[in-house]
Amino acid sequence: MSKSEAIIIGWINKGKPADCGETMKNQLMIRKLEELGIRCRQIDFKNWKRHPWVFFQLVWDIVVHRDNTLVLSTSASNIYLMIEILKKLNWQMNCIHWVIGGNLQECINYGKYQVGILDYTTWTLVESSLMVDKLRQQGLHNVMQVPNFKSIKNYPNITTRI
């Protein structure tokens with residue numbers, strides 16, 4: 001990532017415990033990136049209607065810090081329009097779409113999303129190899145599998161019957 005800095009966009013629930021799968025995934029990702037020495041500018045869209053100024057922060061960070069990597073870690077329905085605008089503006093920025101949710105390929109099938117728009121991103125990261133295969137079959141070539149990285153602290157004993 002350029003200059004070891006990233007702009008993270010998604011549901012983060014910054015400063016609070018994770019309260020859903022998306023906030024958990026984003027908090028874990030941010031923690032890991034920071035452990036690796038990457039400064040993360042967090043743009044938290046969780047409950048954005050209560051703090052609509054987050055859109056000004058988004059524009060500011062993208063313009064002022066355009067040498068940072070932009071990480072869109074949310075469902076495509078939340079950021080597709082943004083990807084489309086960046087592509088139309090021919091905005092030159094390293095952009096990663098870290099997919100949350102599993103219906104991206106169906107949305108492409110039904111025409112809700114266009115591969116040509118999604119191809120603007122440098123990488124599209126998904127959790128399953130099946131999703132990688134389906135998206136590549138649809139013409140999205142910048143797809144990479146990144147397995148779920150949740151830490152599991154307690155494992156049940158599956159060899160002993162209670």
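Leaving aside neighbours within four places in sequence, which residues is Thr-23 in contact with? I started my notebook there, keeping in mind that this is a predicted model.

**Entry 1: Thr-23**

I found Thr-23 in helix H1. Beyond its neighbours within four places in sequence, Thr-23 is in contact with Trp-11, Ile-12, Asn-13, Ala-18 and Lys-46. I looked up its exposure too: Thr-23 has a relative accessible area of 0%, so I put it down as buried.

**Entry 2: Asn-13, one of those contacts**

Asn-13 is on the list for Thr-23, so I followed it up. I located Asn-13 in the loop between S1 and helix H1, which spans 21-35. Its phi is near 60°, and that is a positive value in a residue other than glycine. Buried or exposed, I asked of Asn-13? It is buried, at 9% relative accessible area.

**Entry 3: Asn-90, another positive phi**

I then checked Asn-90, where phi is near 55°, again positive in a residue that is not glycine. Asn-90 sits in the loop between H3 and S4. Here the relative accessibility is 54%, and because the cut-off for exposed is over 50%, I logged Asn-90 as exposed. So my two asparagines go down as one buried and one exposed.

**Entry 4: the whole chain**

I stepped back to the overall layout. I have 6 helices and 6 strands in the protein, and reading from the N terminus the order is β-α-β-α-β-α-β-α-α-β-α-β. Along the principal axes, the C-alpha atoms fill a box of roughly 60 × 40 × 30 Å. The radius of gyration is 17 Å; a compact globule of 162 residues would come out near 15 Å, so I noted that the two agree. Of those 162 residues, 45% count as buried. For contacts between residues at least 6 apart in sequence, I noted that 64% join residues at least 24 apart. The exposed area is about 9800 Å², with 57% of it supplied by carbon and sulfur atoms.

**Entry 5: the cores**

Which residues have the most contacts inside the largest nonpolar core? I got Ile-9, Leu-70 and Leu-104, in a core of 33 residues. Several elements supply at least two residues each, including strand S1 (5-10), helix H2 (54-64), strand S3 (69-74) and helix H4 (104-109). H3 gives the most, with 6 residues.

I looked closer at Leu-104. Leaving out neighbours within four places in sequence, I listed its contacts as Ala-76, Val-99, Tyr-113, Leu-118, Thr-124, Met-131 and Leu-135. Apart from this core there is another, of 13 residues, and Ile-30, Leu-33, Ile-38 and Cys-40 are among them. As background, nonpolar side chains tend to be buried together in soluble globular proteins.

**Entry 6: a nonpolar patch outside**

Which residues make the nonpolar surface patch of about 400 Å²? I wrote down Val-59, Trp-60, Val-63 and Val-64. Trp-60 lies in helix H2 and counts as exposed, with 56% relative accessibility. Val-63 is in helix H2 as well. I noted Val-63 as partly exposed, because its 46% relative accessible area falls between the cut-offs of 20% and 50%.

One last distance: I took Val-63 and Gln-27, which are 36 residues apart in sequence, and found their C-alpha atoms 24 Å apart in space.

Terms used. Residues are numbered from 1 along each chain as its sequence is written. This is a predicted model: local features need pLDDT of at least 70, side-chain atom pairs count only at pLDDT 80 or more; totals for chains, interfaces and linings use all residues. Side-chain values use heavy atoms; hydrogens and water are left out. A nonpolar core is a set of buried Ala, Val, Leu, Ile, Met, Phe, Trp, Tyr and Cys residues joined through side-chain atoms within 4.5 Å. Buried means under 20% relative accessible area, exposed over 50%, partly exposed in between (1.4 Å probe, protein chains only). Helices (H or I, at least four residues) and strands (E, at least two) are DSSP runs, numbered from the N terminus. Contact means heavy atoms within 4.5 Å. Patches are made of residues with over 30% relative accessible area and no salt bridge: like charges are joined within 9 Å, nonpolar side chains (Val, Leu, Ile, Met, Phe, Trp, Tyr) within 5 Å. Accessible areas come from the Shrake-Rupley method with a 1.4 Å probe; for residues, only the protein chains shown count as cover. A salt bridge is a side-chain nitrogen of Lys or Arg within 4 Å of a carboxyl oxygen of Asp or Glu. The radius of gyration is taken over C-alpha atoms; the globule rule is 2.2 Å times the number of residues to the power 0.38.
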